[in-house]
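Biologist: I am new to this structure. Please pick one part, look at it closely, and then lead me outward from there.

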Amino acid sequence: PMRIRLTKLAKIISRIGYIGAILASISNIFNTVFISNNFDEAIIMSLITNPKYVVDLVIETVTLAVTIIIVCVPEGLPMMVALVLSSNMKRMLKNNVLVRKAVGIETSGSMNVLLTDKTGTLTKGKLSVIGICLPDDTHFNTLDDMKDDLKNIFIDALLYNNDAYFEDNQVTGGNSTDKAILTFVGKIPLTKKIEDKIQFNSENKYSYVKLNDGKGYYKGASEVLIKLATFYIDNDCNKKYIKDKREMLKKIDTFTSSGIRVLSILQNNTLLGFILLRDEIREEASSTLKTIEEAGIHTIMITGDDINTSRSIADSLGMLKRDSLVISHDELESMSDMEIYKYYKKIRVIARALPKDKARVAKILEQNNLVVGMTGDGVNDAPALKSADVGISLGSGSEVAKEASDIVIIDNNIKSIESAVLFGRTIFKSIRKFIIFQLTMNLIALFLSIVGPLLGISTPITIMQMLWLNMIMDTLAGLAYSYEYPIKRYMKEKPIRKDEPILNKYMYSAILLISIYSFILLSSFLKSDIVYMFIRNSRKTLMTAFFSLFVFISVFNAFNARTERLNLFANILKNKVFIVILLF
């Protein structure tokens, strides 16, 4: 968004520069040829017929025009943008936010919609197995509570159909689910060989292994695997026929409705039971989501969990309202792009989501002029992270996801996303402050160059002085504004539209009013009889005093542009760089 806005601003400034240069040139010629010669026709005719005089006048006018164009262009702006991004990147690192692409910070501040993962972002990301439930409702807290025959079956099912492994007594490899299950099983030596294996993927929603003893084990989503099951086993390892699969699904619903994640385990076509996992919600997640909501950012949780578990967690986080929608991948797939955009403010949860669901939702919202942020950690999330306006990967995520993202949340905490939004908004406001400052000073110089000669004030600001103001003072001001401190009240404001220009009504009024006021003050200084009473030495002394006044107007304008509040010193001590530069 910032690139788009800066491009539009450049066009506006270019037009001001060209128009100003033309008007100043005409004004300078009119003053030199007509006013200076008291409109004497004979003198004027003798001058304009003198080739040397005409050439000198043209060179002077062209030099003035080029200088005005240079002055109108805010050369300090690119440096200021680079500085404000880099200084805030350093600050954000202290808040566990690693910025890979600087422009991603500013984009975060413009975010309208956040598509967020559940595991690791809203929850602690530390899954733990809280027990096993058999199809006959028998519960076990540990494997040791089972009879030996049943225990051995579950050990094979959970140990071999698992990508995690022990290394130096630490569980590593695999995903968080595999790690939690292996921790639950414990360190047991592998005595059998795997003959065939199907990795888990979001399309199948299960993983499968076949061992050298001829037995195959499935692990995955209950709604998929129960369809494959014909029998189930009881506590005594007796195989029984499943009469009503709907009853099995109802049992699962009782767990998922309370926020427990459930995985079904099959041995060939026999349902062994259900692994019950829980991931604790982060203490700060609820308050952070509320702050993000107050900032005008709509949050949608996109998760691979089933719809009941997802709804329960979203409700615990305070995300759900009366008209909120909790939908599944199948429901999302049946909706048209227009329907998704129409109802996106009501959609709070997308359950059993595939990686392509994130990319699709992001693309639809972006096409409707919204700024979309997205969190992800897996290899499959990379395309979606790349396509979002601001891709946010998790510190525990894959290297591919991190490479595709703009920002990496080192601690996986959604609180850090709040920080990214706040810093993004601070950056945009800092850029606006600098633009108010520089365009005001440029406009004052432009007024003096255009109107000054008509008032009989020939070149009130010399070309060298214009360049000094433009290159030295404006550059230092850019450095000063780069270190503006993030203020919490920015999070109470609504996001800025993607198509909103940098210059708003407040900025236009501030720039024009201060420019006109300063121009009147400077013109009065030059034309006032009182000034001549104190400055009698020479014109050089008068113009030195005039230039000093211009410089101090610039200094005070720096305070003026820094805040829209009546108190010009509001939060001034939080930007010590500003104070040092202004004193300098």
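**One residue, its helix and beyond**

Modeller: Start with I436, which counts as buried because its relative accessibility is 5%, under the 20% cut-off. Keep in mind that this is a predicted model. I436 sits in helix α17. That helix runs over residues 414-451. For a sense of scale, pick E284 as a second point. I436 and E284 are 152 residues apart in sequence. In space, their C-alpha atoms are 38 Å apart.

Stay with α17, and look at the open space it helps to line. The second largest pocket holds about 490 Å³. Its lining counts 29 residues. Which of them lie nearest the centre of the second largest pocket? They are K429, R432, Y490, E493 and E564. Three helices each supply at least two residues of this lining: α17, α19 (505-527) and α21 (539-562). Helix α17 gives the most, with 6 residues. What classes of residue make up the lining of the second largest pocket? There are 14 charged residues, 11 nonpolar ones and 4 polar ones.

Next, the enclosed spaces. The whole structure has 4 cavities of 30 Å³ or more. The largest cavity has a volume of about 70 Å³. Helix α17 appears here too: α17, α18 (463-481) and α21 each supply at least two residues of the lining. Which helix gives the most to the lining of the largest cavity? That is α18, with 4 residues. The residues that line the largest cavity are V71, M441, N442, A445, M466, L469, N470, D474, F550 and S554. By class, 6 of the lining residues are nonpolar, 3 are polar and 1 is charged. So much for the spaces.

Now move to a strand. β2 covers residues 113-116, and both of its faces are covered. V113 and L115 are buried on one side. L114 and T116 are buried on the other. Which strands pair with β2? One is β14 (residues 298-302), parallel to β2 over 4 bridges. Another is β17 (residues 372-376), also parallel to β2, over 3 bridges. V113 shows both contacts. Its bridge partner in β14 is H298. Its bridge partner in β17 is V372.

From there, go to helix α6, which spans residues 148-160. It has 13 residues. From its first C-alpha to its last it reaches 18 Å, close to the 18 Å expected at 1.5 Å a residue. Its buried residues are L150, I153, F154, I155, D156, A157, L158, L159 and Y160.

K151 leads us to the charged contacts. The side chains of K151 and D144 form a salt bridge, with N and O 2.8 Å apart. Are these two partners buried or exposed? D144 counts as exposed, because its relative accessibility is 60%. K151 is partly exposed, because its relative accessible area is 22%.

That pair belongs to a wider set: a search of the whole structure finds 32 salt bridges. Take K240 and D234 as another case. Their side chains meet in a salt bridge at 3.4 Å, N to O. K240 counts as partly exposed because its relative accessibility is 38%. D234, at 7%, counts as buried.

A third pair sits within a helix. E247 forms a salt bridge with K250, and the closest N and O atoms are 3.8 Å apart. Where do E247 and K250 lie? Both are in helix α9 (residues 245-256), 3 residues apart, or about one turn of the helix. An α-helix has 3.6 residues a turn, so residues three or four places apart point the same way. E247 counts as partly exposed because its relative accessibility is 40%.

Last, a linked group. Which residues are joined with D117 in a network of salt bridges? The network links D117 with K358 and D381.

To return to the starting point: I436 is in α17, a helix that contributes to the lining of the second largest pocket and to that of the largest cavity.

Note on methods
Residues are numbered from 1 along each chain as its sequence is written. This is a predicted model: local features need pLDDT of at least 70, side-chain atom pairs count only at pLDDT 80 or more; totals for chains, interfaces and linings use all residues. Side-chain values use heavy atoms; hydrogens and water are left out. On a 1 Å grid over the protein atoms alone, a cavity is a set of points where a 1.4 Å probe fits but cannot get out, and a pocket is an open set with protein on both sides within 12 Å along at least five of seven lines; lining residues have an atom within 4 Å of a point. Grid points are joined across faces, edges and corners, and a volume is the space filled by probe spheres set on the points. Ala, Val, Leu, Ile, Met, Phe, Trp, Tyr, Cys and Pro count as nonpolar, Asp, Glu, Lys and Arg as charged, and the others, Gly among them, as polar. The expected span of a helix is 1.5 Å times one less than its number of residues. Buried means under 20% relative accessible area, exposed over 50%, partly exposed in between (1.4 Å probe, protein chains only). Two strands pair if DSSP finds at least two bridges between them. A salt bridge is a side-chain nitrogen of Lys or Arg within 4 Å of a carboxyl oxygen of Asp or Glu.
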